Amino acid sequence: MAGIIAGLNGQGYPCSEMMLLAALRRFDLPEDRLNAAAVFGGGVGKRDLCGFLTGGLMAIGIAAGTRYADRQQLHTVGRKASNAYWEWWLTRGDLHCMGPLTTHETPEEFVRMAQRAAVKLEEVMGVLMDGGYAGAAAG
């Protein structure tokens, strides 16, 4: 997924769409869901939650909905997976959008940050798609 997201940089996608599209492509999920991320770019347009975070959370929800038909199980497993991604974000510092090149000195640093988030999301979604969160304790 790191390579996919790097390839999306500079193509006009906000961070939320970059992360969601990279995940949809990596896990062969329907790309017609991408529009859901449109309003989340720029920290929900308010420099609030980072688009790489919100796009990743949307990808987790889509993956959980694809993997689990039962709504209760979808919510339970989706929450466990989203908690894993969220907790990783807490370890890296600020959850908020600073905009491209404001917290990263160069475009390369921005891409590396996107790739780190994509690697974590790929890990979380891989566990989800393999059924690994279905047996985990509630979070």
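This report covers helix packing, aromatic pairs and two unusual backbone angles in a predicted model.

## Helix α4 against helix α6

Two packed helices are described by the angle between their axes and the distance between the axes. Helix α4 spans residues 51-67, and helix α6 spans residues 107-129. Their axes come within 10 Å. They cross at roughly 20°. That angle is under 35 degrees, so α4 counts as roughly parallel to α6. The crossing of the two helices is right-handed.

On the α4 side, the contact is made by F52, G56, A59, I60, A63, A64 and R67. On the α6 side, F110, M113, A114, A117, L121, V124, M125, L128 and M129 take part. By class, the residues of this contact divide into 14 nonpolar, one polar and one charged. Glycine counts as polar here, so G56 of α4 is the polar one. Arg counts as charged, and R67 of α4 is the charged one.

## Helix α2 against helix α6

Helix α6 also packs with α2, which covers 15-26. The α2 and α6 axes are 11 Å apart. The packing angle is about 45°. That makes α2 oblique to α6. The crossing is right-handed.

From α2, the residues in contact are C15, M19, A23 and R26. They meet F110, A114, A117, A118, L121, E122 and M125 in α6. This contact divides into nine nonpolar residues, no polar and two charged. Arg and Glu count as charged, so R26 of α2 and E122 of α6 are the two charged residues.

Several α6 residues appear in the contact with α4, including F110, A114, A117, L121 and M125. In the contact with α2, F110, A114, A117, L121 and M125 are among the α6 residues too.

## Aromatic pairs

The structure holds four aromatic pairs. One of them joins F52 and F110. The ring centres are 5.6 Å apart, and the planes differ by 40°. This pair is tilted. F52 lies in helix α4 and F110 in helix α6, so the pair ties together parts that are 58 residues apart in sequence. Both F52 and F110 are buried. Both residues also belong to the contact between α4 and α6.

Another pair is formed by Y85 and W89. Its centre-to-centre distance is 6.2 Å, with 80° between the planes. This pair is edge-to-face. Y85 and W89 both lie in helix α5, residues 71-92. They are four residues apart, about one turn of the helix. Y85 counts as buried, because its relative accessibility is 0%. W89 is buried as well, with a relative accessible area of 0%. Ring pairs link Y85, W88 and W89 into a cluster.

## Positive phi angles

Most residues other than glycine have a negative phi. D28 has a phi near 50°, a positive value in a residue other than glycine. D28 sits in the loop between α2 (15-26) and α3 (41-47). Its relative accessibility is 71%, so D28 counts as exposed.

V44 also has a positive phi, near 60°. V44 is found in helix α3. With a relative accessible area of 36%, V44 is partly exposed. So D28 is a loop residue that counts as exposed, whereas V44 is a helix residue that is partly exposed.

Definitions and conventions: Residues numbered from 1 in each chain as written. Predicted model: local features only at pLDDT ≥ 70, side-chain atom pairs only at ≥ 80, totals over all residues. Heavy atoms only, no water. Axes fitted to C-alpha atoms, helices over the stretch in contact; angles between N-to-C directions. Parallel < 35°, antiparallel > 145°, perpendicular 65-115°, else oblique. Left-handed = near helix turned anticlockwise from the far one by under 90°. Contact = heavy atoms within 4.5 Å. Buried < 20%, exposed > 50% of the residue type's maximum accessible area, 1.4 Å probe, protein only. Phe/Tyr/Trp six-rings, centres within 6.5 Å; stacked < 30°, edge-to-face > 60°.
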